[in-house]
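The questions below concern how neighbouring helices pack in a predicted model. Each answer works towards the value or name that was asked for.

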Amino acid sequence: MPDEQMAGAVPTPAPPGGTPAAPAAPPAAPAAPRPLDPIDRSIIRLLQADGRTSIRSVAEQVHVSRANAYARINRLIDDGVIRGFTARVNHERAGQGASAYITLKIVQNSWRTVREQLRELPGAAHIALVSGDFDVLLLVHTPDNRTLRELVLTRLQAIPEVLSTRTLLVFEETDLLDPGPGRLPAPPISEE
């Protein structure tokens, strides 16, 4: 059985002189997604634009009480809708002037192994398993093109499960979550 399949599908061998151990319990199924109402979506949009927005400000902007805003934000966190709060970084100003999307073709059933190795790469910002002409899409930020070249030629192509790569340099990017100075966040897409 390949290591990529679920652990726990095979019973654990018995310890010497002991009784066989029971198979490991399968992982718990994720909770069903909870539908978001317009207020939840507005709260998410506000927090995406500025994760440091106060509860009071959120409550005022979505027209609910502070207690309601606080409860909704906590529920969104508890439900796993909001995974955390982070800073959006201008990579060029932070000394990471070269960015690229790198596509990878990998050995079948090696996703988990490759993903763990990609997480260790300096400058790796986003990793996605995708469908289509390649298997993995990787976003990296590096100080310069020389460092990017070394990352691709010596680090990525040294991973045994990586069959091929293609590098797409980013010349300019726009953060759609950043409304810019003096602009309101974009309205949500209607679900009707």
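Q: Which residues of helix H2 are buried, and where do they lie around the helix?
A: Helix H2 covers residues 55-62, and its buried residues are Val58, Ala59 and Val62. Seen down the axis of H2, these buried residues fall within an arc of 100°, so the place they line is one face of the helix.

Q: Which helices do the buried residues of H2 pack against?
A: The buried residues of H2 have packing partners in two helices, spanning 38-49 and 66-78, namely H1 and H3.

Q: Is H2 roughly parallel or roughly perpendicular to H3?
A: The axes of H2 and H3 are 8 Å apart, and the two helices pack at an angle of about 105°. Angles of 65 to 115 degrees count as roughly perpendicular, so H2 is, relative to H3, roughly perpendicular.

Q: How many nonpolar residues does the contact of H2 with H3 have?
A: From H2, Ile55, Arg56, Val58 and Ala59 meet Arg66, Ala69, Tyr70 and Ile73 in H3. By class, this contact has no polar residues and 2 charged ones, while the number of nonpolar residues is 6.

Q: What distance should the 13 residues of H3 span?
A: The expected span takes 1.5 Å times one less than the number of residues. The end C-alpha atoms of H3 lie at a separation that agrees with the span expected for its 13 residues, which is 18 Å.

Q: Which exposed residues does H3 carry on the face turned away from its buried side?
A: In H3 the buried residues are Ala69, Arg72, Ile73 and Leu76. These fall within an arc of 100° seen down the axis of H3, so they line one face of the helix. The face turned away from that buried side carries the exposed residues Ala67 and Asp78.

How values were computed. Residues are numbered from 1 along each chain as its sequence is written. This is a predicted model: local features need pLDDT of at least 70, side-chain atom pairs count only at pLDDT 80 or more; totals for chains, interfaces and linings use all residues. Side-chain values use heavy atoms; hydrogens and water are left out. Buried means under 20% relative accessible area, exposed over 50%, partly exposed in between (1.4 Å probe, protein chains only). Helices (H or I, at least four residues) and strands (E, at least two) are DSSP runs, numbered from the N terminus. The arc is that of the directions from the helix axis to the C-beta atoms. Contact means heavy atoms within 4.5 Å. Axes are lines fitted to C-alpha atoms, for helices over the stretch in contact, and angles run from 0 to 180 degrees between N-to-C directions. Angles under 35 degrees count as roughly parallel, over 145 as roughly antiparallel, 65 to 115 as roughly perpendicular and the rest as oblique. Ala, Val, Leu, Ile, Met, Phe, Trp, Tyr, Cys and Pro count as nonpolar, Asp, Glu, Lys and Arg as charged, and the others, Gly among them, as polar.
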